[in-house]
Amino acid sequence: MSFYMSGTPPQPVTALAWTSNINTCPRDFTLINVTQDGSTAHFVKGFGLKSGYYLCYSTSMAGGMVVADIQIISEKESIPHGYCYIPEYLENKVSVSKKKRVCVRMVPLTSADRAVLDIKLTGKSRVVLPHYTCLGDMHGFVVWCKKSPFSHPAPQAKPRNLSLDMKGLSLEQQPPPLPLRPSNSTPRGPALGKLSRRRSNLEFSEMEETSNIYNISGTPALPP
C-alpha cells in the first residue's frame, strides 16, 4: 500500500516501525496492510505461524526528524554508521525475526536535502515499480522506497499580539527632545536676577541725589 498520492504535495516519512496490528499501532502512524499486488502485507515470523507483524509509518513532523534512507541488512551484517533499527510496537510474546532487519538513517528536518517520500510492498514476483528503489526482500515481501530531493518549509514568523494600549503608545507622537546643557554650565536665571537688582540700586541712588539738589536750590535764604 502506498501513501504517496499524486496531485498532493509529498510529505516525507518521519518514522518507520513494526507493529502487531491496528491496536498496537502508535498514534500518528499508518499501518501498511496491503501490498501493491493486492495481498495481505502480514510479515509472518515463520512457516505455519499465525503471529506476525506489519510495517507502519508516520509523516508527522512533530519530532523534527525525517527518514533520509532505508536499508535491509542480514543478521551477519553490521549496522551501517549513522543508522538505527526501527522500533517495535508488538504484543506480548511476539518478536521480529533477526535474520533480516530494517534500519533507517534519521536526519533533522531543517538540514535534510533528500528524504524518503514513499514506501511500497510487493510479493515475490517480477513486478517492477518505476522511480522506486528496491531495498530487498524479507519474509516473502519485496520492500521499495522512493527518495527525492526535499526542501523543508521555511519557518513563518508568528504575528505579535499587541494590546490597544501598546498600539496607542506606538502610534503617539513623542515630543522633540530637549537640548542638552553641559553639566558645568552656570545657570543663567540667577545671574540675570543679580544684574537686575544692581541696576535698580544704581537708578535709586541717582534719583536720591537729584532730589537732594532740588531740595537745596528751593530753600529760601534766611535773614542775617
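This report describes the fold, sheet pairing and nonpolar cores of a predicted model.

## Overall make-up

The chain has 224 residues. Its secondary structure comes to two helices and 11 strands. Read along the sequence, the strands precede the helices, in the pattern β-β-β-β-β-β-β-β-β-β-β-α-α.

Of the residues, 29% count as buried. The accessible surface is about 16400 Å². Carbon and sulfur atoms hold 56% of that surface. Contacts often link distant parts of the sequence: among those with a separation of 6 or more, 71% join residues 24 or more positions apart.

## A three-stranded sheet

Three strands form an open sheet in the order β9-β11-β10. The pairing is antiparallel. β9 and β10 are the edge strands, and each pairs on one side only. From one strand to the next, the twist averages 25°.

Nine bridges join β9 and β11. One residue pair can be named here: isoleucine 119 has cysteine 145, in β11, as its bridge partner.

## The nonpolar cores

In soluble globular proteins, nonpolar side chains tend to be buried together. In this model, the largest nonpolar core has 24 residues. Leu16, Trp18, Phe43, Leu55, Ile70 and Val102 have the most contacts inside it. Several strands supply at least two residues each to this core. They are β1 (15-19), β4 (52-58), β5 (65-74), β8 (100-108), β9 (114-123), β10 (133-138) and β11 (141-149). Another core, of seven residues, lies apart from it. Val66, Leu109, Ala112 and Ala115 are among its members.

What does valine 102 touch, not counting residues up to four places away in sequence? Its partners include Leu16, Trp18 and Ile70, which are also listed with valine 102 among the residues with the most contacts in the largest core. The other residues it touches are Gln71, Ile72, Cys84, Tyr85, Ile86 and Met138.

## A closer look at methionine 106

Methionine 106 sits in strand β8. Is this residue buried or partly exposed? Methionine 106 counts as partly exposed because its relative accessibility is 25%, and buried would mean under 20%.

Leaving aside neighbours within four places in sequence, methionine 106 is in contact with Thr14, Met65, Val66, Val67, Gly82 and Cys84. Of these, Val66 belongs to the seven-residue core, and Cys84 is also touched by valine 102. Methionine 106 and aspartate 69 are 37 residues apart in sequence. In space, their C-alpha atoms are 7.5 Å apart.

Terms used. Residues numbered from 1 in each chain as written. Predicted model: local features only at pLDDT ≥ 70, side-chain atom pairs only at ≥ 80, totals over all residues. Heavy atoms only, no water. Core = buried A, V, L, I, M, F, W, Y, C linked by side-chain atoms within 4.5 Å. Buried < 20%, exposed > 50% of the residue type's maximum accessible area, 1.4 Å probe, protein only. Helix = DSSP H or I, 4+ residues; strand = E, 2+ residues; numbered from the N terminus. Contact = heavy atoms within 4.5 Å. Pairing = 2+ DSSP bridges. Axes fitted to C-alpha atoms, helices over the stretch in contact; angles between N-to-C directions. Areas by Shrake-Rupley, 256 points an atom, 1.4 Å probe, with all protein chains shown as cover.
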